Amino acid sequence: MTAKKQKKSRKPENPDDAEIDDIPKTVEESAAAFPIVGIGASAGGLAAIEAFFSAMPADPDMAFVLVQHLAPDHKSMLTDLIKRYTKMKVFEVEDGMVVQPNCAYIIPPNRDMAFLNGTLQLLEPNTPRGQRLPIDFFFRSLAQDQNNRAICIILSGTGSDGTHGLKAIKGEGGMAMAQVPESTEYDGMPRSAIATGMVDYILPPAEMPAQLISYVTHAFGQRPRITSKPSFNADDALKKIFILLRAKTGHDFSHYKPNTINRRIERRMAVHKIERLDEYVRYLQQSPDEVNELFRDLLIGVTNFFRDPEAYKILEETILPRLFKNKKTDAGFRIWVPGCSTGEEAYSIAILIQEKLDAMKHGVKVQIFATDIDSRAIDTARTGIYSAGIAGDISPERLARFFIREPSGDAYRIQKSIRDMMVFSEQDVIKDPPFSRLDLISCRNLLIYMGGELQKKLIPLFHYALKPGGFMFLGTSETIGDYMDLFAVIDRKSKLFQRKADLRGALHPKMTEFMPPLTEAGKITRLAAKPSGENKPSLREITENALLQHWAPVGALINERGDILYLHGRAGLYLEPCPGEAGVNNILKMARDGLRRELTTAVHKVATHQESIHRPNLKIKTNGHFTYAHLTVRPIHCNPSVDMPRLLLVVLEESRVQDRKNPRKAPDTAEPVSAADIDGRITALKQELRNKEEYLQSSNEELETSNEELKSANEELQSVNEELQSTNEELETSKEEQQSVNEELSTVNAELQAKVADLARANNDMKNLLAGTGIGTIFVDHQLRILRFTPAVTQIINLIATDVGRPVSHIVSNLTGYDRLTEDVHTVLNDLAPKEIEVQTHAGVWYLMRICPYRTLENVIEGAVITFVDITETKQAQMVLRDAENLRRLAVVVRDAYDAITVFGPDGSILAWNPSAERMYGWSESEALKMNIRDMLPKNQRTKEFNTLQKLGQSHTLAPYSTRRVSKDGILIKIILTASALMDGNGKLYAIATTERVVA
């Protein structure tokens, strides 16, 4: 449960009610103060700003400070633009500028701005461009400085800047407005603010001035103080409000501090312009929604990550090491954070624990129970998404390690490992049963809003919930009050406490550890433990038992209050049961006459001074006669490593010598008394008087202690009674809750079955996709162990189903000329750069092998992916293109050659004819291709010439020789002829090529 949580740097109460010594103000000065209105805008905000200031009068008795996202490297023209739409004075802020009413102040570029003591302070930004949140920064400073006089307005813009600052202003009792999202150009900032549920007015910019002036008039003009109206009973009206709240929400605020309640009610009355408290009661009765709004106002939680860093540092360095010390791996941690609000405090503790676990390499299970009565705050905490403004509260290292930036860039999500520690639930710490067996309770800035009665109930409740030795972490303005007997102070400034041991629960199993050995002088001994399974006692045990039963003195182990923790021997001669109900046996109450006074005094002295006291020959009245005994009280010094309270040992030993030194004499035998006897008698009387005074003093102290214990016991009984009533109500509704849970489980089960079916279908689709593409794929981890592969890859690497889990280097591949697969995969994993290589199998098939890092959705490298794409056809096409290119180049040579080049078959038919042959002989290419080579030979040389050319079939080449050819015109042309045989792949002649040059 949470009421409003306050900043550490200020007093928890309203400045109107708190005592602030260093800034004295009179009532007139406070009333004369004017509100400061902070305006935040970003993209699309110029139109909204113009509409706002156009509707604002020249003298609203307010100051306006505009924080706009501006380009850091350009001069801003915003000041000049706003001057066109308002009659107020408009300034671009200079460092230290004093704020005056009826003025507007504009932030300069590349600066953060804060408000302090009525002045605007400029600072250089310390975060990179794109991560700055100037609106949040200013709103927070405004809240800390102006408290309930702070007002904020969120206009058009992207992201969530301003949301954290709005929460801070609402936490101080200020007012918040936001632009209607439908009227914005960019609705990110207004929607983020509205989603908090803390915005008082959602309006278009043109309607904001009228509502703002109306609110300020009611809130800061003639303010309706709850206790100032004599015409009605304010206490009765407040009780009616508590009744309406309890009826609507189930929560009782009647025991909260009045200042907190009054401040919230006054603010709601100002929002609705209601002057009198009885009128507000009627408004609550007529408007159930207003009851919910008041409830939410009472629960405004202003919290952030690692709030009060010094306290968290002490928690980290002092408390956590003590919790981890001697912690078994399977024991686990249980932590409770009541009043967790939106979860920042709980997550902060989880982060500290995770850091400790990582440093110590522990595997301890951690459960952090975070509870609150605000269901909306719990929903926010469960989601674990926070605006980008948390970057100002968390170190960059922790932000990068424990948070994931959302794709939109305006929010962070808590890491899953931290979220898994948390259990968020809705709980009222006042009436709901607490958690138990806890190692740590962190209840910071919750008790300060509760009255004394609630605090007295919760502190013992926390003591009950903690394990022995558990720790409690309170806020800097909180204390444990009168319960110092329940908690030990670890750090007073940081309010860290440790639960004191449950005396009886701790002592009973371990009493033998504190029993000293018995000696001839009569000290108590501790018998050796009898081994298990031994039925027959030894002679030593028989002897020792007999001595203890008949000759050992009576001994009692007690605490400082006299409660008997362990009793040895037969004590009936010295102690008797107290009349009344049986309960804790207190030795001071059970002591017989003659022993009680000396025993009380001795116990008090030994408990105070920790020194032994011996009182010999005490005369103790026992059932009609007297018994003489020696009394000894000594402190017990336990092992310092054991967390135990102070213990005392009382020993009563029967006196063997009765006091017969001064027997009473008969009256008739009186003898004269000497001066020495008189002095001795006076000394004895003085000693007896001194003993009685000491006894009287110790009795008074015991009486005071008893009264305090009775008062505490009464309060505890009342608390137990309330808890039992609450438990009974819960049991009555448990059946309905179980039925509801069963229905929810059925729904969840159906949803899970549908998701399993979807997952199976998706798995089948993925399997068919990988198989259908024909691309061989292997998935390997960092150790190059095979995780999965597709069927197509088995043609390249000899894989079978049982190879999953084996290193890929152990598998034989069908690749030729490539054996660097392992080295290349390691290179890719180290450099995170993909690599492509063309490889060939023994069968002559070519593949393009591509190695890429395997990235998860969280951008974590978990191995590599190796793919093989068949590029054989591409390779063949490349070879064909290469051959065609070679032929093309040869054709160019033939075409452009000066000599005549001809090609003819074995039968003499002409197959090729270049342009030079056409010029030399006169026949065109088309004509020549229809001719036979014999047609060009002189008739008297045809047979000889053709036979000469036929010899190429044996020698492939002929030496150049001179011959003749006949042209188209019938002219004989003398030429030098070079002939070459053209052979196919089988060495068979398929053509003859000739080169012919004219001889001059």
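Contact here means heavy atoms within 4.5 Å. The model is a predicted one.

## Thr 790 and its surroundings

With that cut-off, and leaving aside neighbours within four places in sequence, Thr 790 is in contact with Leu 770, Ile 775, Gly 776 and Thr 777. Thr 790 sits in the loop that runs between strand 27 (786-789) and strand 28 (815-816). Its relative accessible area is 3%, so Thr 790 is buried, the limit for that class being under 20%.

## Overall figures

The protein has 1000 residues, of which 44% are buried. Its secondary structure comes to 28 helices and 36 strands. Among contacts with a separation of 6 or more, 63% are between residues 24 or more positions apart. The exposed area of the protein is about 53900 Å², and carbon and sulfur atoms supply 52% of that area.

## Residues 900 to 998

Ala 917 belongs to helix 25 (residues 915-921). Its relative accessibility is 0%, so Ala 917 counts as buried. Not counting residues up to four places away in sequence, Ala 917 touches Ala 900, Ile 901, Thr 902 and Gly 922. Ala 917 is also paired here with a residue further along the chain: Arg 997 is 80 residues away in sequence, while the C-alpha to C-alpha distance is 9.5 Å.

Leu 989 is placed in strand 36 (residues 989-998). With a relative accessible area of 18%, Leu 989 is buried, since the class takes values under 20%. Between Leu 989 and Pro 906 there are 7.5 Å in space, C-alpha to C-alpha, and the two are 83 residues apart in sequence.

## Salt bridges

Side chains of opposite charge can pair when their charged atoms come close. How many salt bridges does a search of the whole structure find? The search finds 23. Three of these pairs are set out below.

| Pair | N to O distance |
|---|---|
| Arg 191 and Asp 187 | 2.6 Å |
| Glu 598 and Arg 615 | 3.2 Å |
| Glu 310 and Lys 493 | 3.6 Å |

In the first row, Arg 191 is partly exposed, with a relative accessible area of 43%. Asp 187 counts as partly exposed as well, at 30% relative accessibility.

Glu 310 and Lys 493 form a salt bridge in which the closest N and O atoms are 3.6 Å apart. Why does this pair tie together parts that are 183 residues apart in sequence? Glu 310 lies in helix 12 (residues 309-324), and Lys 493 lies in the loop between strand 19 (487-491) and strand 20 (496-499), so the bridge joins those two parts. Glu 310 is partly exposed, at 49% relative accessibility. Lys 493 has a relative accessible area of 63%, so Lys 493 is exposed, the limit for that class being over 50%.

The side chains of Glu 598 and Arg 615 meet in a salt bridge of 3.2 Å, N to O. This pair links distant parts of the chain, with Glu 598 in helix 21 (residues 596-609) and Arg 615 in strand 23 (residues 613-622), 17 residues apart. Is Glu 598 buried or exposed? At 11% relative accessibility, Glu 598 counts as buried.

Glu 316, Glu 355 and Arg 398 are linked in a network of salt bridges.

## Surface patches

Leu 887, Leu 890 and Val 893 make a nonpolar surface patch of about 310 Å². Val 893 lies in helix 24 (residues 872-896). Its relative accessible area is 53%, so Val 893 is exposed.

Which residues form the negative surface patch? Asp 482, Asp 485, Glu 704, Glu 708 and Glu 716 form it. Among them, Glu 708 is found in helix 22 (residues 675-772). Glu 708 counts as exposed, because its relative accessibility is 58% and the class begins over 50%.

Notes. Residues numbered from 1 in each chain as written. Predicted model: local features only at pLDDT ≥ 70, side-chain atom pairs only at ≥ 80, totals over all residues. Heavy atoms only, no water. Patch = residues over 30% accessible without salt bridge, like charges linked within 9 Å, V, L, I, M, F, W, Y side chains within 5 Å. Areas by Shrake-Rupley, 256 points an atom, 1.4 Å probe, with all protein chains shown as cover. Salt bridge = Lys/Arg side-chain N within 4 Å of Asp/Glu carboxyl O. Helix = DSSP H or I, 4+ residues; strand = E, 2+ residues; numbered from the N terminus. Buried < 20%, exposed > 50% of the residue type's maximum accessible area, 1.4 Å probe, protein only. Lys, Arg positive; Asp, Glu negative; His and termini not counted. Charge placed at Lys NZ, Arg CZ, Asp CG, Glu CD.
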